Amino acid sequence: MAIVFIPSQLRSLTKGIEQVQLDVRNVRQVIEQLEDRFPGVRERLCDGDDLSPAIQVCVGQNISTRGMFTKIEADHEVHFLPAIGGG
Amino acid sequence: MSQETKQASSNGKYRVLGTRPVRHDGADKVTGKAIYTADVKAASMANGFVLRSPHAHARIKSIDTSAAEALDGVLAVMTAEDLPDVTDKIADLGEGSVNLAHLSNNVLAQDKVLYRGHAVAAVAAVNVHIAEEAANLIKVEYETLPSVTWVLDAMKDDAPLLHENLYTSSGGEKADTASNVGVHLNFQQGDLQKGFEEADAVVEREFKMATVHQGYIEPHAVVVDWNHDGRIKVWASTQGSFTCRQQTAEVLQVPLSHVTVVPCEIGGGFGGKIAIYLEPLAAVLSRKSGRPVQIVMRRNDVFEATGPTPGAFVRVKLGATKDGKLTAGEAWLAYESGAYPGGMLGPGCMCVFSCYDIPNALVDGYEVCLNKPHIKAYRAPGATQAAFATESVMDELAEKLGIDILEFQQKNAAKEGTRRVDGPVYPKVGLVECLDAAATSDHWNSTLEGPHRGRGIASGFWFGCGLKSSVVASVNSDGTINLTEGSTDIGGTRTSIAMQMAEVLGLDAQDINPRVVDTDNIGYTDVTGGSRTTFATGMAAYEAGLDLQRQMTERAAELWDCNSEDIQIESGNFVSSSQTATFKELATELFKAGEPLVGRATVAPDCSTNGFGTHIVDVEVDMDTGKVKILRYTVIQDAGKAIHPSYVEGQLQGGAVQGIGWALNEEYFFDDDGEMRNASFLDYRMPTAYDLPMIDTIIVEAENPDHPYGVRGVGETPIIPPPAAIANAICHATGVRMEELPMSPPRLWKAIQQNQDGN
Amino acid sequence: MKDFDYCAPDNLQAATALLAEHGDRARVLAGGTDIIVQLREGLRSADCVVDIKNIPELMVLDYSSSQGLTLGASTSCHRVYTHAELPTAYAALVDASKIVGGWQIQTRASVGGNLCNSSPAADTIPALIVHQASCQIHGPDGSRDVPVADFCTGPGQNILQSGELLVTLQLPAPAANSSSAYERFIPRNEMDIAVAGAASWIQLDSSGETIEDARIALAAVAPTPVLATEAAESLRGKPANEESFAAAGELAKNVASPIDDMRGTTEYRVHLSSVLTRRTLARALARIQQGQG
Amino acid sequence: MGTKQLVSTTINGEPSQFLCEARQSLLEVLRNETGLTGCKEGCNNGNCGACTVMLDGQPVNSCLVLGLEVDGKEIQTVEGIAQENELHAVQQCFLEGAALQCGICTPGFIVAAKALLDENPLASEEEIRFQLAGNLCRCTGYDKIIRAVMEAGKQMAETTTS
């Protein structure tokens, strides 16, 4: 089971729950399962079928460039972080 | 002169990595042959000039270009009406994304100008002087509006509103009333109240930071030829030819395949040459005039209309136990994003506590529009402002606890397994190694004597990213290699990339001929930014080397009549039970025996390279004038593996000196009308050679597990610690803790006066 | 920038004739380090630019310890500070000439041009004033001499009439037991405009202990460079020491009426005028004591 | 449009003629009329030194010289510093010492540094930093530039004494 961390600003939708364990293979499934349990999450994290450009996903210890397609393994942590522009 | 530079680790296991070959493009650059964008000359090329707003905030009521068009020698005139209307589309630029309507609007203002210097029209003429004369004949009628240039003022309810349709997004939830606040971020970890209750000492301070510019010496420049077949060729000064191509195509609403971007040599970027400014203007002027059009920005326009990086207000509160363990941290950040939403708040919030293990923490951040140019990245964007606050408070807290600051940092340093306040857990990182290197450095162990002298230390963190890179390696008949790549070379990356291919193939750096080619001639490659180029494009070069070895092993098996499994690669040589050949020997053989050899690789590493650094500085303060002299400076940084140590040192030294300028003198100085009063190198005051000592470097090598040679990005981290390190040194020299950047002489002198009156 | 006519006359008469003909539509080009920038940035405009570097009188640098210095108005700062004798004879002027822009500026920028640009922050003007330099001006109605101290009338303004040209600067021979110094304050160490500047000249009596005479002039603290007369007079007959210099520094503040701008606050500039006065007096004394007087 | 005048000058040892308007700077004519784009425009008002060239043996900011002023004068640009097949010591030391990153300020530094070392090959670090304060570099922090100039000076002194 992957551990998905709920961003503090979304915890109003999860009634304060900070993390959930999900049986998922990729980020798309994370979004789907979160949306099932906590309606409204998808709208906050996504722009159409993709992650919102304001958001980047961190799986395990890695910031991913693969968005919804990012693979997730058991015991991975999943974090939704602000996107970054570098110098 | 100060001590020679050191490198921490030995270099035993590599032939090429860790050596210091002369860069491949060096001769061109010391003889004046290297071609930068302003050096490009196309047949019958016209010159462009951009008319800019004299007001910080105004509605454009009318634009009359007739007099300009009538001037002898004028070839084309354009306004925003000549640009396609782009929808509110977001374009992913690899590193960061951009709202196309805002990008197009920034390129050429439509109904409103949002900052002084905002482009409103452009002219192409037979020479730049006529273009300028013509631009000055364009009559623009403005209705001026009240302006705002300080972030906290722009957050007030009664502040002048830049965008009627901007609603604060809090984790994707939109506010119901419009304001200048584009984004609100919040991170939480642990139990903040409990954390501060456990603390024996707490320090809280507020810090103000002025807007600063990247300060590259080459002004923005472009040449565009809009051909009669609709194909657009762009010669650009850009950190990323592919992102330049995408932005240009999107703003002009043409297919990507119709735009070719030729990355010329680029005279510095530091994050400020990722967004486009001039490309669509030159393109439209070219289409209208039927000639290639060159536009070179004037220096004052570079200051007034490009960059800069955010001015900010940051409040930081930290608590620790008497044995020096941090128990809680709270930060409140307000970052300006300039004329449009989308700035550097995210990394600011993620970096404010990123150097330390803080079990209980709260970070609140706001990103605010105001009447300045749209904020751009500048070397570890957003991190320097945050670190100035946190590292100043750390120093004060250590004093309060009576603990040595370096020991205090070591006790709380982030390491493998530490969870950042934004959530992720660090893999293997090198902060502890940097702090240990500081503790044993000559500098830290030297005594500093004399009146009004002080020593300061501060640390910093930047993510460093992977993103996408492509390379192609064509093997010549003599076994040398032409390596084509898409990463524009701003500081010697041709060489650091070629060295990684040379290492894997057992060649010398000079056997590889690296070429940065245009967007038609190489696979997609992201910007030279985010400290990624030596890491990611270097990784692609390594992979392309392996690709060649795979192909050559197969072919050698035929040649040597054995199974490919029986051929081993030993330090670049191909070895079977009966035969041995170097790469060059085998390549020469194979050239005679059939198909040419071409290796390729594309990579998109999913990781941060996690660069930590620690800086030590000694200062002397002239108590009569408030002027600070840097007596000695040492940069310590984890490079993972320093491919070309000279260019790693160069990144550490250059970044540190930009940070020194930021700390002491650099700032956007606005008058009450929102006009920048110091838009020149004379009054913006970047450091000259005469303002500095030698900058010592200590390269720590805590190998990055996510790179075949352990490379970490190094470019950005060095700009983060200087303002805090210098502020801490000033405090130990004078007893005054500075809470505002820059710590310019008038400001420091005033603070010293107030401190003396206070005592 | 708009195009203009360029003329490079080789004699005074031709130059003044051109200046008279075009009146305020003519601009003089010496080193060009101010005027070219001003034309380019639209701060000034011209129909005719008169290059005066081909006129022999304006390029002279003639020094003798008995006669003093005759300095052609277009002579570069670089020629001034690389001269063998001027650093001891006119230390303040040499201090100032060394810091007008960087090396590439100093090879072109002239002391006369610095004076005619008449910036309140000009580095060489306070030095010229304490050296009691006078301007030899040539115009349609002949020549006249004016003390440098009376030359500037406001920011960017001076007493030159239409058609008039500054030809030479005359500096009297240096007095015995005297020396001088110029210092400015800038946030960087080079390449900057003075936040405040001070030039000091002192002469000791035969004992070498007591100040016989002194002159102090300040830059960037008023619409024009100013003499700090009260401060200078306070030094007459006083022992040449830090105490006297500090007192003079305090008095120097009385002539400082600076503006607030991005280079410094009023309060800060007033304070700097005392600091710089004190420091330049001390440096001038040190120079006398090191036998550079 | 402005009228052009003929200017006869010597550039890097060779007689050269070009047409230019009064408002054109030496920087502009070198780059646009003679094709010598080695001198760079960084600020076009004398504050960065990227356009440094030698005018009658003295370093100047070519953006602050009018093209018409150089009639009958001698100009040396960065293109004229290397020998036929050999880089000048300053250029070689910049390469070996990694004294450049983006390279836009490099031509100005090479010209100014050579001028300085021709006068005083054994200049101190302090003297070099003072003399080169008119040349801005944003990439290197100057450390490697100063070291390269000192090394080049050492080599120049040795070759002149030997």
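Let's start where two chains meet: the contact between them takes 41 residues from chain B and 26 residues from chain A. On the chain B side, the elements that give two or more residues to the surface touching chain A are strand 5 (90-92), strand 12 (181-189) and helix 10 (345-351). Strand 12 of chain B gives the most here, with four residues. And what kinds of residue make up this side of chain B? By class, there are 18 nonpolar, 15 polar and eight charged residues.

Before going further, keep in mind that you're looking at a predicted model. Its scores are ipTM 0.97 and pTM 0.97. For chain C, which we'll get to shortly, the mean pLDDT is 96, and 99% of the residues reach 70 or more.

Now hop over to chain A and find strand 5, residues 55-59. This strand is mostly covered, with four of its five residues buried. Strand 5 of chain A has a partner in strand 7 (residues 77-82) of chain A: the two pair in the antiparallel sense over five bridges. If you'd like a spot to look at, pick Cys58(A), whose bridge partner in strand 7 of chain A is His79(A).

Strand 5 of chain A also pairs with strand 6 (residues 62-63) of chain A, again in the antiparallel sense, this time over two bridges. Here Val59(A) stands opposite Asn62(A) in strand 6. Strands 5 and 6 of chain A form a hairpin with two residues between the strands, and in that hairpin Gly60(A) takes a positive phi near 65°.

Last stop: chain C. Here four strands form an open sheet with antiparallel pairing, in the order 11-12-13-14. Which strands sit at the edges? They are strand 11 (178-185) and strand 14 (226-227) of chain C, each of which pairs on one side only. Follow strand 11 of chain C inward and you meet strand 12 (residues 196-204) of chain C, with which strand 11 pairs in the antiparallel sense over eight bridges. One place to see this is Ser178(C), whose bridge partner in strand 12 of chain C is Gln203(C).

The sheet has a helix packed on it, too: helix 11 (residues 266-289) of chain C, which touches strand 11, strand 12 and strand 13 (211-219) of chain C. The direction of helix 11 makes about 35° with that of strand 12 of chain C. As you trace the strands, remember that in a regular strand the side chains alternate between the two faces of the sheet.

Technical notes. Residues numbered from 1 in each chain as written. Chains lettered and ligands numbered in written order. Predicted model: local features only at pLDDT ≥ 70, side-chain atom pairs only at ≥ 80, totals over all residues. Contact = placed C-beta atoms within 7 Å. Nonpolar A, V, L, I, M, F, W, Y, C, P; charged D, E, K, R; others polar. pLDDT = per-residue confidence, 0-100. Buried ≥ 20, exposed ≤ 12 C-beta atoms within 10 Å, placed from the backbone. Pairing = 2+ DSSP bridges. Axes fitted to C-alpha atoms, helices over the stretch in contact; angles between N-to-C directions.
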